[in-house]
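Student: I should like to learn how to read a ligand site and a nonpolar core. Where should one begin?

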Amino acid sequence: MTQQPVRISPSILSADFARLGEEVRAVDQAGADWIHVDVMDGHFVPNITIGPAVVKALRPHTSKLLDVHLMIAPIDPFLDAFAEAGADIITVHPEAGPHIHRTLQRIGQLGKKAGVSLNPATPAKMLDYILEDVDLVLVMSVNPGFGGQKFISSQLRKIEAIRKAIDKLGKPIDLEVDGGIDVETAKLAISAGADALVAGTATFRGGPAQYAANIAALRG
Ligand code: DX5
Ligand code: ZN
C-alpha cells in the first residue's frame, strides 16, 4: 500500500491577492503541507490568475513545497520559467500540449516533481503509459478554472482506479484531488485512495484565525 498520510495543499486562489505573502505565511503556520498555486491563462481555462513572477515573489515566504498547477496552453515554453521561479511540483494537463511524455520528462530534467492532471472527463486510462514517469497524479473533481465549485462525485471511481494502478506499480506516487473539497468530500476522496487534497474555499473561509482549524478538519 503506497497511500501516504494525507497532505493538505491550500489553494491560494481563495486567498486575499492583495496580501498574498502574508496569506502564504499564515497557511504555512496553520499546518499546510504544501502550497497550491493555480496558474490560469484565459485560454486553456476561462480565467486568468498569476504567472512565474508571482511564484518567485512568494518563494521566500514559505519553505513548504510549492505545488504549482499549470492550466495554460501552450505548456512547454513556460516550464523553465516556473522551475526557475521556485516551483517544487509542476503539474500539467495532457490536453495542454502535443507531447505529454516529453513535457513530463522536461519537468524531471529541471529537477522538479512531475505531476499530471486529469480533467473530469479525462479517463484514468490516459495514465497507462506515463504513470511510471510521474511523481504525482492530480484528479480534478471540478472543471478547472474557478474555486468554489461543487465536487463531481463520479471522480471517486477514477480515484479508486488510479489508487489501484499506483499500488500495483509500487512507486510512492502522490494522488491528489482538486476541487470542491470540504470536510465531507475530503473523507470520500481519502477513502477512495487520495493522499493529498487541494482546498481553496475550505481553507480560507473565516479568515486567518480559522486557517488552522479549517486545515485540521480536512484531515478527518
Ligand atoms: C480550479 C483550481 C482549484 C481551485 C480549488 O481550477 O485548480 O485548485 O482553487 O478551489 P476550491 O477548493 O474552492 O474548490
Ligand atoms: Zn488547482
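Tutor: Please note that this model is predicted. Begin with the place of the ligand: ligand 1 sits in the largest pocket.

Student: Which residues come nearest to ligand 1?

Tutor: There are 20 residues around ligand 1, and D38, G145, D178, G200 and T201 come nearest.

Student: How does one read the polar contacts of ligand 1?

Tutor: One looks for pairs of N or O atoms within 3.5 Å. Here, a backbone N or O atom of G200 is 2.8 Å from an oxygen atom of ligand 1. For S11, a side-chain N or O atom lies 2.9 Å from a ligand oxygen, and for H69 a polar side-chain atom lies 3.3 Å from one. As for cover, ligand 1 taken alone exposes 380 Å², and the protein buries 99% of that.

Student: Which residues touch the most other members of the largest nonpolar core?

Tutor: That core has 64 residues, and those two are L70 and V137. Leaving aside neighbours within four places in sequence, L70 is in contact with V39, I75, L79, F82, I90, T91, V92 and H93. There is also a second, separate core of eight residues, including W34, L136, L138 and A196.

How values were computed: Residues are numbered from 1 along each chain as its sequence is written. Chains are lettered from A and ligands numbered from 1 in the order in which they are written. This is a predicted model: local features need pLDDT of at least 70, side-chain atom pairs count only at pLDDT 80 or more; totals for chains, interfaces and linings use all residues. Side-chain values use heavy atoms; hydrogens and water are left out. A nonpolar core is a set of buried Ala, Val, Leu, Ile, Met, Phe, Trp, Tyr and Cys residues joined through side-chain atoms within 4.5 Å. Buried means under 20% relative accessible area, exposed over 50%, partly exposed in between (1.4 Å probe, protein chains only). Contact means heavy atoms within 4.5 Å. A residue is near a molecule or strand if one of its heavy atoms lies within 4 Å of it. A polar contact is a pair of N or O atoms within 3.5 Å; within protein, one must be able to donate a hydrogen and the other to accept it, and residues adjacent in sequence count only if both atoms are side-chain atoms. Accessible areas come from the Shrake-Rupley method with a 1.4 Å probe; for residues, only the protein chains shown count as cover. On a 1 Å grid over the protein atoms alone, a cavity is a set of points where a 1.4 Å probe fits but cannot get out, and a pocket is an open set with protein on both sides within 12 Å along at least five of seven lines; lining residues have an atom within 4 Å of a point. A molecule sits in a cavity or pocket if more than half of its atoms lie within 2 Å of its grid points.
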